[in-house]
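Visitor: I should like to go through this structure with some care. May we begin with the ligand and then turn to the backbone?

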Amino acid sequence: MFFLKARRTALQNSQEKVTMKTLPPNQQLVASGKWPIIGEKAPAARDPEKPLQLSISGLVTHPMSWTEAELRSMEQEERVVDIHCVTRWSKLGAKFIGISLKNLLKTCQPTVEAKFISFVARSERNHSSSLALAHALELDVFIALDYEGAPLVEIHGGPIRSIVPDRYFYKSVKWLQEIHLLEEDELGFWEKESGYHNHADPWKEERYIVSNLDAKEYNLLLKKRDFSDKEFLGIRAEQLNLDDLSAKRAQLRDGHFEKTSLRNADFQESNLSNAHFQGADLRGVNFREADLEGANFQGADLRGADFTNAKIFGVTFCSPTEKENLPDSCNPNDAILDQTTVLLQESMENLTPLQLSFVEENLQTKVQS
Ligand SMILES: Nc1nc2c(c(=O)[nH]1)N[C@H]1C(S)=C(S)[C@@H](COP(=O)(O)O)O[C@H]1N2
Ligand SMILES: [Mo]
């Protein structure tokens with residue numbers, strides 16, 4: 001077998017050197033100017049009778065509400081924030097204008113019992129996320145109204161959104177409507193529903209709470225090779241033979257499939273976000289309509305794999321830190337892709353520039369056996 005290795009430009013190499021210092025572990029930069037839309041796409045319909053307001057309630061001496069105009073008449077600050085999504089994309093240097101949470105809390109006066117703070121969205125599912133109050137103050141949480149010189153657009157949480165610097169972006173709530181001060185923590189939507197880590201420090205890679213699956217149940221499942229419709233957060237299935245696995249519509253976030261043989265496995269409509277497929281044999285795998293955000297395919301064999309309509313934000317196919325001076329042969333850190341791998345152009349737009357150039361070169365590569 002023979003491969004053309006993807007060539008890196010000097011520019012890409014120097015960009016990587018710069019970003020190495022500012023990116024938390026296992027994050028990659030989105031193309032400049034891009035800002036992916038993650039989670040809910042729109043707020044709940046608003047009551048036309050009432051103005052949009054941000055309220056602070058719960059364990060405070062003075063509960064308060066402000067309209068957007070009132071917020072805009074307060075002291076405005078500028079913040080330059082690095083966004084780090086749990087699904088491994090980062091966007092550095094996003095410039096916001098708004099109000100610091102500290103200033104709002106000064107007016108409300110949290111009581112001594114207040115230990116946690118919950119940010120609640122105006123959304124169908126009352127989306128929320130929470131922090132320890134001490135952390136919220138330490139991190140200097142920010143209420144954003146403008147982004148890059150214009151009012152924050154609705155799809156990214158406008159007119160009012162919370163921004164929590166130095167935490168995975170799921171802590172930053174779009175269409176912020178209420179801030180509750182609490183004595184006991186109230187887990188947020190993703191933290192409760194999807195096992196996202198409540199502390200969410202990207203520098204410590206606090207992405208998910210580790211699942212504890214019953215060992216007996218787990219062994220039985222592996223034997224039957226049927227995960228269809230099952231939910232296993234962070235499943236450990238590395239180095240196994242799971243050829244022909246049936247895993248349609250399974251919830252397998254953060255799953256470990258390193259060096260696993262999964263030939264012709266069926267992951268259609270599965271959620272495999274942040275799954276680890278390094279060195280796996282994925283020939284002929286069906287990933288149609290799967291959610292693969294942040295999945296790692298370094299060194300995996302993806303010939304004949306089908307990614308039609310899969311979500312591939314933040315997917316890694318080749319090492320983001322790979323050196324240029326490797327021999328012109330198959331690099332163990334690179335996924336094996338060729339013209340039998342099905343990847344639609346429109347989903348490829350969501351890859352980082354480095355991953356995109358790697359994929360584009362390899363999809364056209366002729367493999368000689
Ligand atoms: N109301 C609301 N806020 C939310 C979410 C959501 O689904 N609903 N998703 C969170 C997640 S997981 C991320 S990564 C960011 C995405 O923000 P963006 O779409 O502006 O990039 O919003 C966070 N805040
Ligand atoms: Mo996210």
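Visitor: Which pocket does the space taken by ligand 1 form?

Guide: Some conventions come first: this is a predicted model, in which local features need pLDDT of at least 70 and side-chain atom pairs count only at pLDDT 80 or more, while totals for chains, interfaces and linings use all residues. Residues are numbered from 1 along each chain as its sequence is written, chains are lettered from A and ligands numbered from 1 in the order in which they are written, and side-chain values use heavy atoms, with hydrogens and water left out. On a 1 Å grid over the protein atoms alone, a pocket is an open set of points where a 1.4 Å probe fits, with protein on both sides within 12 Å along at least five of seven lines, and a molecule sits in it if more than half of its atoms lie within 2 Å of its grid points. By that reckoning, the space taken by ligand 1 is the second largest pocket.

Visitor: Of the residues around ligand 1, which come nearest?

Guide: A residue is near a molecule if one of its heavy atoms lies within 4 Å of it. There are 19 residues around ligand 1, and those that come nearest are Glu-40, Arg-125, His-156, Arg-161 and Lys-174.

Visitor: How do the residues of the shell around ligand 1 divide into nonpolar, polar and charged?

Guide: Ala, Val, Leu, Ile, Met, Phe, Trp, Tyr, Cys and Pro count as nonpolar, Asp, Glu, Lys and Arg as charged, and the others, Gly among them, as polar. On this basis the shell of ligand 1 holds eleven nonpolar, four polar and four charged residues.

Visitor: What percentage of the accessible area of ligand 1 does the protein cover?

Guide: Consider the polar contacts (pairs of N or O atoms within 3.5 Å). An oxygen atom of ligand 1 lies 2.7 Å from a backbone N or O atom of Pro-36, a nitrogen atom of ligand 1 is 2.8 Å from a polar backbone atom of Ser-172, and a polar side-chain atom of Lys-174 lies 2.7 Å from an oxygen atom of ligand 1. On its own, ligand 1 has 530 Å² of accessible area (Shrake-Rupley method, 1.4 Å probe), and the part covered by the protein is 100%.

Visitor: Is Pro-36 buried or exposed?

Guide: Pro-36 lies in the loop between strand E1 (28-29) and strand E2 (53-58), where strands are DSSP runs of at least two residues and helices (H or I) of at least four, numbered from the N terminus. Its C-alpha atom is separated by 8.0 Å from that of Asn-350, 314 residues apart along the chain. Buried means under 20% relative accessible area, exposed over 50% and partly exposed in between (1.4 Å probe, protein chains only). Because its relative accessibility is 8%, Pro-36 counts as buried.

Visitor: Which two residues does a cis peptide bond join?

Guide: Most peptide bonds are trans. The cis bond here has an omega of about 10°, and one of its residues, Pro-159, is in the loop between strand E9 (150-151) and strand E10 (161-163). The residues joined are Gly-158 and Pro-159.

Visitor: Does Arg-225 count as buried, partly exposed or exposed?

Guide: Most residues other than glycine have a negative phi. Arg-225, however, has a positive phi of about 50°, and is found in the loop between helix H6 (215-224) and helix H7 (345-348). Because its relative accessibility is 29%, Arg-225 counts as partly exposed.

Visitor: What is the relative accessibility of Gln-239?

Guide: Gln-239 is also in the loop between H6 and H7, and its phi is positive, near 60°. Gln-239 counts as exposed because its relative accessibility is 61%.

Conventions. A polar contact is a pair of N or O atoms within 3.5 Å; within protein, one must be able to donate a hydrogen and the other to accept it, and residues adjacent in sequence count only if both atoms are side-chain atoms. On a 1 Å grid over the protein atoms alone, a cavity is a set of points where a 1.4 Å probe fits but cannot get out, and a pocket is an open set with protein on both sides within 12 Å along at least five of seven lines; lining residues have an atom within 4 Å of a point.
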